[in-house]
Amino acid sequence: GTAIVNPFAIPPSITPVRPFPEFASGLVTGASVNGLVRYEDPVANPVAIFADVATIPVHPWKSAPTKGHLMGFARRPDNTVLDTATVTIENLDTGSVRIAATDGGGFYGAVDLEPGSYRVRAVLGSTTLYACSAVVAAGLVTTADITAESAAPPVTTATVTPVAADGQNGWYLTSPTLSLAATGGCAGIARTEYSLDNGASWLTYNGPITIAQEGTTAVLFRSVDLTGAVEATQSRTFMVDLNTPVVQLTADPSAIWPPGKRMTDVTITGTGSDTGSGVSQVSYVVTDEYGLPLSIGTRALSGNSANWIESLMVEAQRNGGDLDGRLYTITATISDVAGRTSTATTSVVVLHDRRFD
């Protein structure tokens, strides 16, 4: 605070100790901040040597950072801190692990981490807490508090292709595929899994699941996050019918002799089967070569196989010039529950004579 004589002032004078802004201005310009007072003789002590601005050195860690940093606090749900807890910081991409610890205030930190997603776990005695989202970016300090005691489990979304069944009554006529995608959970998804045996065994999901088995198939699925939280099991049920039903038809008698113009009872026997959706019904078309209207009613069926018997009355008469006899044609169409159909045909002929029997 002592005044000094400044011999370079114009005119020379006694000046007090200068504040820092004045001192800095004198070093750079030789004058006061406002330029009205000269502190240096511009001839004897030019200040041009201070005219160039000093270059700030370039630090690669600052100009082009490649590492990031992580910090946060470990607190229980009641907001009490975890003091001296062991903190495990795991890179979810590489599996590398960094071990840290909390201080008395629950604080933890880690520097120079590779950018990426991390799972952070703090353990103190019987207490285990997680940071459910810890994404480290180069050159930045990410805050990830460790607070999740039992975070909400993941959620798996199922997509079926084709979206709607292409057969009747909810049945697929082609093999559908089931695609699964998981979101949420704590600290990332560990795996998605599915079961085809009602949960007796679980398979890791690696891509769309094709349902190639006929009949009804239930697919159970769920996801697990990296803290071990397991999603409640979901399910989708698929009804698949890949093949047409099988039908066989016989007529007894298949040949009528003699043609005595009487009405004759013909027994029509049918068998049908379907390994997918099961048989549903059988219908008939009966054609008389002479145009007599004949019919057999539709019969309901059920199960994977069926046997049945119908009765058909035909006229045992033929025209005298009809050398190949009078022909009755019976065609049966069997349907399965999925809408697939197959046909079978049998015939009955009223003979012209025994040579055609």
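This briefing walks through the disulfide, salt bridges, strand pairing and a few surface features of the structure above. Please keep in mind that the model is predicted. A search of the whole structure turns up 1 disulfide and 8 salt bridges. Strand 25 is a good place to look for pairing, since strand 24 and strand 19 both pair with strand 25.

**The disulfide**

- Cys132 and Cys186 form the disulfide, with their sulfur atoms 2.0 Å apart.
- The torsion about the S-S bond of this pair is about -95 degrees, so the disulfide is left-handed.
- Cys132 belongs to strand 8 (residues 127-136), while Cys186 sits in the loop between strand 12 (177-184) and strand 13 (189-195), so the bond ties together parts that are 54 residues apart in sequence.
- The two cysteines fall into separate exposure classes: Cys132 is partly exposed at 31% relative accessible area, whereas Cys186 is buried at 1%.

**Salt bridges**

- Lys67 pairs with Glu114, the closest N and O atoms lying 3.7 Å apart.
- Lys67 is in the loop between helix 2 (60-63) and strand 3 (68-73), and Glu114 is in the loop between strand 6 (107-113) and strand 7 (116-124), so this salt bridge ties together parts that are 47 residues apart in sequence.
- Lys67 is partly exposed at 30% relative accessibility, and Glu114 is partly exposed at 44%.
- Glu310 and Arg299 meet through their side chains in a salt bridge of 2.7 Å, N to O.
- Glu310 lies in strand 23 (residues 305-316) and Arg299 in strand 22 (residues 299-300), so the pair ties together parts that are 11 residues apart in sequence.
- Glu310 is buried, with a relative accessible area of 11%, while Arg299 is partly exposed at 31%.
- Arg191 forms a salt bridge with Glu193, and their closest N and O atoms are 3.1 Å apart.
- Here Arg191 is partly exposed at 38%, but Glu193 counts as buried at 7% relative accessibility.
- Arg191 and Glu193 are also linked with Arg222 in a network of salt bridges.

**Pairing around strand 25**

- Strand 24 (residues 326-336) pairs with strand 25 in the antiparallel sense over 10 bridges, and Ala332 stands opposite Ala344 in strand 25.
- Strands 24 and 25 form a hairpin with 4 residues between them, and Gly339 in the turn has a positive phi of about 105 degrees.
- Strand 19 (residues 255-256) runs parallel to strand 25 (residues 341-350), joined by 2 bridges.
- In that parallel pairing, Ile256 has Val350 of strand 25 as its bridge partner.

**A nonpolar surface patch**

- Phe20, Phe23, Leu27 and Val28 make up a nonpolar patch on the surface, and together they have about 400 Å² of accessible area.
- Phe23 is part of helix 1 (residues 20-29) and is partly exposed at 38% relative accessibility.

**Ala218 and its surroundings**

- Ala218 is found in strand 16 (residues 215-225) and counts as partly exposed at 39% relative accessibility.
- Which residues does Ala218 touch, not counting those up to four places away in sequence? They are Ser195, Leu196, Arg236 and Thr237.
- Leu113 is 105 residues from Ala218 in sequence, and the two are 45 Å apart in space, C-alpha to C-alpha.

Methods: Residues numbered from 1 in each chain as written. Predicted model: local features only at pLDDT ≥ 70, side-chain atom pairs only at ≥ 80, totals over all residues. Heavy atoms only, no water. Disulfide = S-S within 2.5 Å. Buried < 20%, exposed > 50% of the residue type's maximum accessible area, 1.4 Å probe, protein only. Patch = residues over 30% accessible without salt bridge, like charges linked within 9 Å, V, L, I, M, F, W, Y side chains within 5 Å. Areas by Shrake-Rupley, 256 points an atom, 1.4 Å probe, with all protein chains shown as cover. Salt bridge = Lys/Arg side-chain N within 4 Å of Asp/Glu carboxyl O. Pairing = 2+ DSSP bridges. Contact = heavy atoms within 4.5 Å.
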